[in-house]
Amino acid sequence: MTFTTRPEIRGTFGVATSTHWIASAVGMSILERGGNAFDAAVATAITLQVVEPHLNGPAGDMPAIFQKAGEDVQVVCAQAPAPAGATLEHYKAQNLTLIPGSGLLATVIPGAFDGWMLMLRDHGTMSLRDVLTPAIEYARDGHPMLPRVANTIAGLADYFAQHWPTSAAVWTPNGKTPAANALFKNPDLANTYDRLVTEGETAGDDRIAQIDAARRAWSQGFVADAIDAYVQTANVMDVSNEKHMGVLTKADMAGWSATYEPSLSYDYHGWTVHKTGPWSQGPVLLQTLAVLKHFDLAAMDPMGAEFTHTVIEAMKLAYADREAYYGDPLHSDIPMEYLLSDAYNADRAKMISAQASFDQRPGRLPGLEHLADAYIARAAHDFGAADAAPQEPTMAHLTEKRGDTVHLDIIDRWGNMVAATPSGGWLQSNPVVPGLGFPLNSRAQMFWLEEGLPTTLAPGRRPRTTLTPSLATHEDGRRLVFGTPGGDQQDQWQLVWFLRFVHWNMELQACMDAPLFHSMHFQGSFYPREAKPAEMMLEPAFGKDVIADLRARGHIVHVAEPWSVGRLTAALRDPDGIMRAAATPRLMQAYAVGR
């Protein structure tokens, strides 16, 4: 028997996984009460906003990928765009070379809440009160604070007291830093959720009417009013060490709502892998698979240097294309068909040699060579940005003071399945909006203040986010949802996990427990937007020989602390109806439950 840190959960009724055991239990409780995967996903996600506030919040962003039993895969896009006032001219007038990684200039229209309400309205079965009550109770009555949240707040307490007093009032009540594992309450957030439910119920007994009323209360009512009143007067210190005012308005919020769109997919060794579109980084996983299709990975050791080197080099190529060509397809012509074509990726595969590349190598697409050149120049440019301030979001597994993301995967007894990666609006991103109990997001930092790019800041344009849940279907009938937090690392960790699952038939949990790695070669999505040529990180469980081999190939190898890379969860449904689920032991938070 292969030892794993946890059992692989198996059952026939339903499974729920997430990055916090309380949220997973909430999701399972909804399934037990007769709710479906969509009801459970919403309840899980809103609970995650309470118990992991350093990783996500109501005013953040959310992509979800889902499949109703017997229907096509769809995507919920709750990644909202830049406000009307977010013009290149306005931001350049602030003497900025990069959009700060925190503060009001980094804010786009809040998207997460409306995205969850859209899913609940159209695909759920339960009432708004049913699915929000667990989160309301945990915010009002308290929950045991994660040590990592307590440490995050402790590291920022002086900053909050000096610069963000509204955050100090919520996260350090009565001037005291919360203790790890102590009961923590956020009454303002509880009141916000509760009022959304109450205002929804003024629409009468109809479930759909209630949800739509709550959406209006958010985008046009008391939530939008509070955000608008705050942003119009607040002058907030941010990661640039300067104070800036924001441009978000109530009109921006009223003019946007979450949407559905088709998934982007690629066929790989019997699996069809579905991802979000190029307004996210999701297609890099598909592009990397398209390159790796030209290698005999199954003949390699899944924990060996040859496998690690080959995958790292393929990811470098795909991520270079991400930086050159991805963006909001509603505003730019994104050449995804070309980037996923067999001929293109056969040529890309030939670029991988026995040695690590130190170059940024985006493909030179006909007529778009200027975008490739612009990325190469950008990656080599010194923006003069100071090291990220403590509230800057990057990689949560390296410091507890930096925000990240959460993830959930749920399958119900009818075969409905959801994967979602909510993020943004974390406690490090912005001051708390007075009276609401949550901060705004900082997703606009992923735009560039350089003209002519698919990711140039522009009103109404979505930032090219890092959020990227996955859904895969096999020709034999198996269906799989999976994902992880981790910023730029999300698709890297998911890829490594998926390859081991596909090529070596490892069980879900065994894949979770296997050591992980990722590249730091390409330009980062978060302030200060660094590129670190040929640098990579891996866990020490690979062993000294593998690490030495990779260094001999030219990789600049950083060895992480044991059990510190990745926060993966996954759930699978077999054709006979048996379900399986798993969650990483890393950070000691994620959990899979089911029966």
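**Exercise 1.** Determine whether asparagine 181 is buried or exposed in this predicted model, and describe its backbone setting.

*Solution.* Begin with accessibility: the relative value for asparagine 181 is 53%. The cut-off for exposed is over 50%, so asparagine 181 counts as exposed. Next, locate the residue: asparagine 181 sits in the loop between α7 (165-171) and β6 (183-184). Finally, inspect the backbone: its phi is near 70°, a positive value in a residue other than glycine.

**Exercise 2.** Carry out the analysis for asparagine 241.

*Solution.* Asparagine 241 has a relative accessible area of 51% and is therefore exposed. The loop that holds asparagine 241 runs between β7 (236-237) and β8 (243-244). Its phi is positive, about 65°, although asparagine 241 is not a glycine.

**Exercise 3.** Characterise the environment of glutamine 287.

*Solution.* Glutamine 287 belongs to helix α12 (residues 283-292). With a relative accessible area of 2%, glutamine 287 is buried, because the limit for that class is under 20%. Leaving aside neighbours within four places in sequence, its contacts include Ala318, Asp321, Leu339 and Tyr344. The side chains of glutamine 287 and tyrosine 326 are joined by a polar contact of 2.6 Å.

**Exercise 4.** Classify the packing of helix α8 against helix α9.

*Solution.* Helix α8 (residues 187-201) and helix α9 (residues 207-219) pack at about 125°, and their axes are 7 Å apart. This angle makes α8 oblique to α9. The crossing of α8 past α9 is right-handed. Among the residues making the contact are Leu196 and Glu199 of α8 and Ala213 and Trp218 of α9. By class, the contact comprises six nonpolar, two polar and two charged residues.

Notes
Residues are numbered from 1 along each chain as its sequence is written. This is a predicted model: local features need pLDDT of at least 70, side-chain atom pairs count only at pLDDT 80 or more; totals for chains, interfaces and linings use all residues. Side-chain values use heavy atoms; hydrogens and water are left out. Helices (H or I, at least four residues) and strands (E, at least two) are DSSP runs, numbered from the N terminus. Buried means under 20% relative accessible area, exposed over 50%, partly exposed in between (1.4 Å probe, protein chains only). A polar contact is a pair of N or O atoms within 3.5 Å; within protein, one must be able to donate a hydrogen and the other to accept it, and residues adjacent in sequence count only if both atoms are side-chain atoms. Contact means heavy atoms within 4.5 Å. Axes are lines fitted to C-alpha atoms, for helices over the stretch in contact, and angles run from 0 to 180 degrees between N-to-C directions. Angles under 35 degrees count as roughly parallel, over 145 as roughly antiparallel, 65 to 115 as roughly perpendicular and the rest as oblique. A crossing is left-handed if the near helix is turned anticlockwise from the far one by less than a right angle, and right-handed if clockwise. Ala, Val, Leu, Ile, Met, Phe, Trp, Tyr, Cys and Pro count as nonpolar, Asp, Glu, Lys and Arg as charged, and the others, Gly among them, as polar.
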